[in-house]
Structures are given as structure tokens and as C-alpha cells.
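Work through the exercises below with the sequence and the coordinates at hand. Each task is followed by a stepwise solution.

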Amino acid sequence: MTTTELTQGLVPDATAGTADAAAAVRAPSRPPALSPSRANDFMQCPLLFRFRTVDRLPEPPSAAAARGTLVHAVLERLYDAPLGERTLAAAHDLLPGEWDRLLEADDRYTTLFTDGIGPDGQDRAGWLAGAGSLLGTYFTLENPNRLEPAERELLVESQLDGGPLLRGIVDRLDVAPDGALRVVDYKTGRSPRPGYETSAVFQMRFYGLVLWRERGVLPKMLQLVYLGDGQVLRGEPTTDHLEHTEQKIRAIWSGIEEAARTGEWKPRRSKLCGWCAHQAVCPEFGGTPPEIPEGAVALRLGITD
């Protein structure tokens, strides 16, 4: 699934001078907004949240993220075809063109291939075949010729009273004839082990909360489709679930406000540090965080002293 991050304005170049970074921070921007992924960043590590949201430090694209973005793009485009023509072969045919579109939209992806060899030592054809296998798994879990999504890649937003704008992108929204909503999110990784579902459940209930607040309809089903191992996780949210999610979001935002006002974005070491792109500037690994550009906290988060 793709999610809209907590974003504003232009992204300062980490290699630029202080003046350039400050100028980028002052650029016109959208109101501060909190996405499920950025909320999870803060719960995982407040300093990671700062690096991604306030400093906007660049991160190299990962092979897994690139493949996930590609598969999401193909599944979105697949539903442009009429019923009966949404086949696995049609999905495979979309892969090269969608990959070219991604390369055109973000040239960072070109760094994944050096001298024609890409992630996992594969060439372009082999790498695309890996994405194709995920699409094959999708067709074992759902029949797109029996579905007619109401929305795809749907931007959802809701202003939290006394807090940030909640924002995210729902991969697919199905609406039954009786008006019941099913929120569907595609995951190209493997399903979480028992006891490790917290992050995924929070993300889906976040979307459920926003839709409930904006449409006045409690979603009937929240569905996660894991293409990495062919698992589908479903849950029927209750009003208590979504009210608890709102309370959790408020607590997260309170923590963000406190860190912003005190300047104490504390690192939190965990097993996930091994996948972090910012170890070089993290105190936990002997690094020194860069100074935050003047005005960045107020602009990115809407928080002032």
C-alpha cells in the first residue's frame, strides 16, 4: 500500500548549505498532516520521525519498496480494464510500462540497477519476474473480474479537533449495494507473525477512523492482502476500536508536540535499526544529528514554542 506521508513544501537537500535548506523550508506548502506510516515512525523511534518528517533526510530506494510500488501501480491500473479482461496475463503485460512510468516519475529508482544488474543480482527481466510472481499470488486470493472497486488509491483526510489533519491513501475501497464499506490494503511482504500485528492493525483502523469521521459510515471490513505469503487478514472494526484508535493518535501527537517544543527527539534502539538509512547521523551509532533548519518544526508540524 502506498501512504501519503506527513509532507509539506519542498524537501531540503541534505548536502545543501544552511541557507538553501532554510529557503526550502520557507517554500509554500500544504497544512501539516499525519499519516499512519509517520505515526508508526514516531512510535518506533522519535528521532527517525524527526529525520523523515522535519529534516527530510533523503533515503535510498530499497529493492523491496520499489517492487511494492510497482505491484501497487499494476493492481491499480488492472482495474481500468473491463470485466473479463482483468487476467494475470494482462497484469504481467502492464509490468514493463508501469516500471518505466516509475523511473520517469522518480529517477532514484535507476540506482537500483548498475550495469544492467539490479536487486538480488537479477537483470531487469528477472526483477520484473519477481514482481510478476507477487501478482500471481494476488490472483489466487481475489478474482478481479468479480470486483468493481468504488475507489482506488483514494486520498482520505479528516481534521482532528485540537490535532493534525489525518491523511492517508487507501489502496482500494469497495462499496456493497447496501452501502457497506470494505477497506482493502495490499502488502507485498509477508504477513506478520502472531503477536506482531499491531502496526498493521493500527494502519487499517486509522483509515477506518478517517472514513467514519468523514462519511459517517462505520466500515464493515478492514482487509489486508499479503502477497508475500498469500495470507488475507480481515477484521470488522467497532466504534470502540476506532475511538480507541483516535485516543492513540492523540497520544502520539501529544508526544510529537512535546518533542518539538523541547527539541528532544530521542532515539529508540531496536532490531529495526538494522534497516534504518540514518545510522551515520544517529547517536546510538556514534553519529551526530544535523541541526534542524530554522522554522522547519513550525512549518512541517504546525507546532510553535
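**Exercise 1.** Compare the expected span of α7 with the distance between its end C-alpha atoms, and list which residues of α7 are buried.

Solution. Step 1: helices (H or I, at least four residues) and strands (E, at least two) are DSSP runs, numbered from the N terminus. Step 2: the expected span of a helix is 1.5 Å times one less than its number of residues. With 18 residues, α7 should therefore span 26 Å; its end C-alpha atoms lie 25 Å apart, which agrees. Step 3: buried means under 20% relative accessible area, exposed over 50%, and partly exposed in between (1.4 Å probe, protein chains only). By this criterion Ala200, Phe202, Gln203, Met204, Phe206, Tyr207, Gly208, Leu209, Val210 and Leu211 are buried in α7. Step 4: just after α7, glycine 216 has a positive phi of about 70°.

The model is a predicted one, in which local features need pLDDT of at least 70 and side-chain atom pairs count only at pLDDT 80 or more, while totals for chains, interfaces and linings use all residues. Residues are numbered from 1 along each chain as its sequence is written, and side-chain values use heavy atoms, with hydrogens and water left out.

**Exercise 2.** Repeat the span check for helix α4 and find what its buried residues pack against.

Solution. Step 1: α4 (residues 63-78) has 16 residues, so it should span 22 Å, and its end C-alpha atoms are 22 Å apart, in agreement. Step 2: the buried residues of α4 are Ala66, Arg67, Gly68, Leu70, Val71, His72, Ala73, Val74, Leu75 and Leu78. Step 3: contact means heavy atoms within 4.5 Å. The buried residues of α4 pack against α5 (88-105), α6 (124-141), β3 (165-175) and β4 (181-187). Step 4: alanine 64, also in α4, is exposed, with a relative accessible area of 54%. Alanine 64 and threonine 188 are 124 residues apart in sequence, yet 8.2 Å apart in space, C-alpha to C-alpha.

**Exercise 3.** Which residues have the most contacts inside the largest nonpolar core?

Solution. Step 1: a nonpolar core is a set of buried Ala, Val, Leu, Ile, Met, Phe, Trp, Tyr and Cys residues joined through side-chain atoms within 4.5 Å. Step 2: the largest such core has 42 residues, and Val183, Ile249, Ile256, Trp265 and Leu301 have the most contacts inside it. Step 3: helix α7 (residues 198-215) supplies the largest share of this core, 8 residues. Step 4: another core, of 25 residues, lies apart from it and includes Val74, Leu78, Trp99 and Val225.

**Exercise 4.** Where do arginine 56 and glutamate 153 lie, and is each buried or partly exposed?

Solution. Step 1: most residues other than glycine have a negative phi. Step 2: phi of arginine 56 is positive, near 55°. Arginine 56 sits in the loop between α3 and α4 and is buried, with a relative accessible area of 7%. Step 3: glutamate 153 has a positive phi of about 50°. Glutamate 153 belongs to strand β2 (residues 151-159) and is partly exposed, at 23% relative accessibility.

**Exercise 5.** How many helices and strands does the protein have, and what percentage of its residues is buried?

Solution. Step 1: there are 9 helices and 6 strands. Step 2: of the 305 residues, 42% are buried.
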